[in-house]
Every structure is written in structure tokens, then in C-alpha cells.
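Me: I would like a close look at a single part of this structure. Please take the sheet, the helices that pack on it, and a residue in a neighbouring helix.

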Amino acid sequence: MKYLEIRNLRKSFGNLTVIKDISLTVEEGQVVAIIGPSGSGKSTLLRCATMLETMDAGELIYLGEYAVRTGPDGKAVYASPKDLKRIQRYYSLVFQDFNLFPHFSVIKNVTDALITIQKMSKEEALAIGRDLLRKMSLSDKENAYPYQLSGGQQQRVSIARALALSPKVLFFDEPTSALDPELTGEILKVIRDLAAERMTMVIVTHEMSFARDVADHVIFMDGGVIVEEGPPEAVINNPQNERTQAFLSRFER
Ligand SMILES: Nc1ncnc2c1ncn2[C@@H]1O[C@H](COP(=O)(O)OP(=O)(O)O)[C@@H](O)[C@H]1O
Ligand SMILES: [Mg+2]
């Protein structure tokens with residue numbers, strides 16, 4: 001089943017066109033890695049897919065449900081607030097800089113949306129939160145505050161928070177680039193474990209060997225378009241387009 005479908009997405013900021021015409025499909029259980037130089041539109045693509053940014057044109061469909069369709073004038077038309085609220089439950093986004101609530105404890109960061117948005121009982125939310133903290137090896141940090149944690153621990157809290165909502169699709173925007181190199185591995189391991197559980201994920205990353213290992217499909221973006229895409233071994237080890245080749249030559253693979 002198609003969990004996510006983006007068709008002909010376009011997005012400009014003023015007269016700067018950032019996403020030119022992007023279409024992609026993510027099937028259930030698939031891991032899609034997005035690579036590309038800084039400024040190529042990767043974050044904007046994720047922000048449009050997660051409705052943090054409004055798209056100008058194109059379609060956005062989760063599990064067959066239209067969040068955005070193309071109107072008669074070619075412009076993007078969003079579904080009703082009620083429908084969008086339901087569709088928003090299909091995904092979560094993990095940010096580069098964690099975006100934890102600094103004044104909330106670890107467990108409150110993980111459970112707050114369950115209680116306030118999903119109207120779950122406190123006990124039920126706590127059980128889910130503790131389970132996820134265990135999975136992230138953070139049981140002993142339940143009552144800590146974000147400032148008391150390493151970057152890697154904070155990012156694991158934010159992954160637990162994203163998972164608490166039981167998303168169908170989990171997005172990551174450069175989940176390791178705010179971390180010291182020695183902390184990168186623990187986050188990549190968590191994502192590998194999620195992939196082994198067949199979590200559907202879209203991951204923007206600069207970790208090329210990780211992308212090759214974990215992804216089913218790799219997309220190389222440059223200048224707001226998909227320049228090249230395909231199986232990871234093909235795109236990362238044997239790129240055909242010269243822009244992809246030039247970009248990848250800067251990385252160890
Ligand atoms: N809110 C915004 N307003 C104006 N320009 C933006 C905004 N967000 C991103 N941009 C611009 O869009 C381009 C793509 O940015 P971004 O999607 O962050 O790229 P990437 O994540 O690949 O580095 C950049 O030129 C950036 O400056
Ligand atoms: Mg970015």
C-alpha cells in the first residue's frame with residue numbers, strides 16, 4: 001500500500017522557487033533516503049510533506065487520503081481542518097535540533113501529545129512513554145530535563161516522542177547533523193532498528209554509508225528537483241548523473 005504520495009509539488013518563497021516539480025511515493029515498510037547539497041530544498045520538501053509549510057501546487061496523499069489536491073486553477077487546495085487533523089496523525093517528524101520542550105521532563109516530552117491531543121488517560125500515556133523510553137535505553141532519564149542530557153540522548157527522546165503517536169510514516173531531517181561524531185552511531189542504530197521493524201521512514205541524511213545500508217530507495221536532490229533516484233547501490237556507489245557524482249565525490253562511501 002502507498003503510505004505517502006507526493007505529486008508535482010511546487011513551493012516558492014517570494015520569487016525564489018525552492019521545489020520545482022517533485023513527485024515521490026513511499027510504500028508501506030519502505031525506507032527512503034534523501035540526499036543532496038545544502039540549499040537543495042530537502043527540508044522544505046519534508047516541511048511541505050508534514051504540513052509545516054504550505055505548498056503552492058501539487059498533491060499530498062497519505063494512505064489514499066488527500067491532504068492536498070490540485071484545484072481547477074492548478075493551485076494546491078488543502079482538505080478541511082477536520083480531515084487534516086485526522087491525516088496529521090499518520091506521520092511524525094524528527095528534527096535536526098531535537099525541538100524538545102526545555103521546561104518539560106523527558107517523560108512529559110514523550111507523553112504530552114498523547115494526553116493533550118489524543119486525550120489518552122495519564123496512566124495509559126505513561127505506560128506507552130515508559131515503554132518507548134526503555135526501547136531508546138533511556139529508562140533512567142524519565143524525570144531528567146533536556147538540558148541534562150547529551151545530544152544523542154535528546155535525539156532519542158525526540159524519536160520516542162515521535163513514535164508515541166504511532167505514526168505510519170516517520171520523517172527525519174538530518175537527525176545526526178547536530179551531534180558530535182561519537183554520538184551519531186547511537187542514533188543511526190535506533191533508526192536501523194526501526195527499519196528492521198519495518199517502520200516506514202523518509203530520512204534526509206548526509207551519512208552516505210548509512211543511507212546505502214538502511215534505505216530501499218535513494219533520492220538525490222539538487223536545485224529543487226530530483227536529479228537521480230533508485231536503489232542505494234546504484235545511486236550511491238554508481239551514480240549516473242554528473243551532479244550526483246560531483247556531490248558524492250565529497251563523501252566516503
Ligand atoms: N522560510 C523560508 N523563507 C525563505 N527562504 C527559505 C525558507 N526556507 C527555506 N528557504 C530557502 O529555500 C532553499 C532551500 O532550503 P532548504 O529546504 O532548507 O534546503 P536544504 O534542507 O536542502 O538545505 C534555500 O535557498 C533556503 O534559503
Ligand atoms: Mg535542511
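Reply: What follows describes the sheet, then its helices, and then one arginine. The model is a predicted one.

The sheet is open and consists of 6 strands, arranged in the order β7-β8-β9-β3-β10-β11 with mixed pairing. In general, the strands of a sheet pair through backbone hydrogen bonds, and the pairing can be parallel or antiparallel. At the edges lie β7, residues 91–94, and β11, residues 225–230, each of which pairs on one side only. On average, and with direction ignored, neighbouring strands of this sheet are turned by 20° against each other.

At the β7 edge, the adjoining strand is β8, which spans residues 169–173; the two run parallel and are joined by 4 bridges. Within this pairing, V94 has F172 of β8 as its bridge partner.

Two helices may be placed relative to these strands. Helix α1, residues 42–49, packs on the sheet and touches β3 (31–35), β7, β8, β9 (200–204) and β10 (217–222). The direction of α1 makes about 150° with that of β8. Helix α6, formed by residues 181–196, lies across β3, β8 and β9, and runs at about 150° to β9.

The arginine is R156, which belongs to helix α5, residues 151–164. R156 counts as buried because its relative accessible area is 10%, and the cut-off for burial is under 20%. Residues up to four places away in sequence aside, R156 touches M136, S137, L138, E186, I187 and V190.

Conventions: Residues numbered from 1 in each chain as written. Chains lettered and ligands numbered in written order. Predicted model: local features only at pLDDT ≥ 70, side-chain atom pairs only at ≥ 80, totals over all residues. Heavy atoms only, no water. Pairing = 2+ DSSP bridges. Axes fitted to C-alpha atoms, helices over the stretch in contact; angles between N-to-C directions. Contact = heavy atoms within 4.5 Å. Buried < 20%, exposed > 50% of the residue type's maximum accessible area, 1.4 Å probe, protein only.
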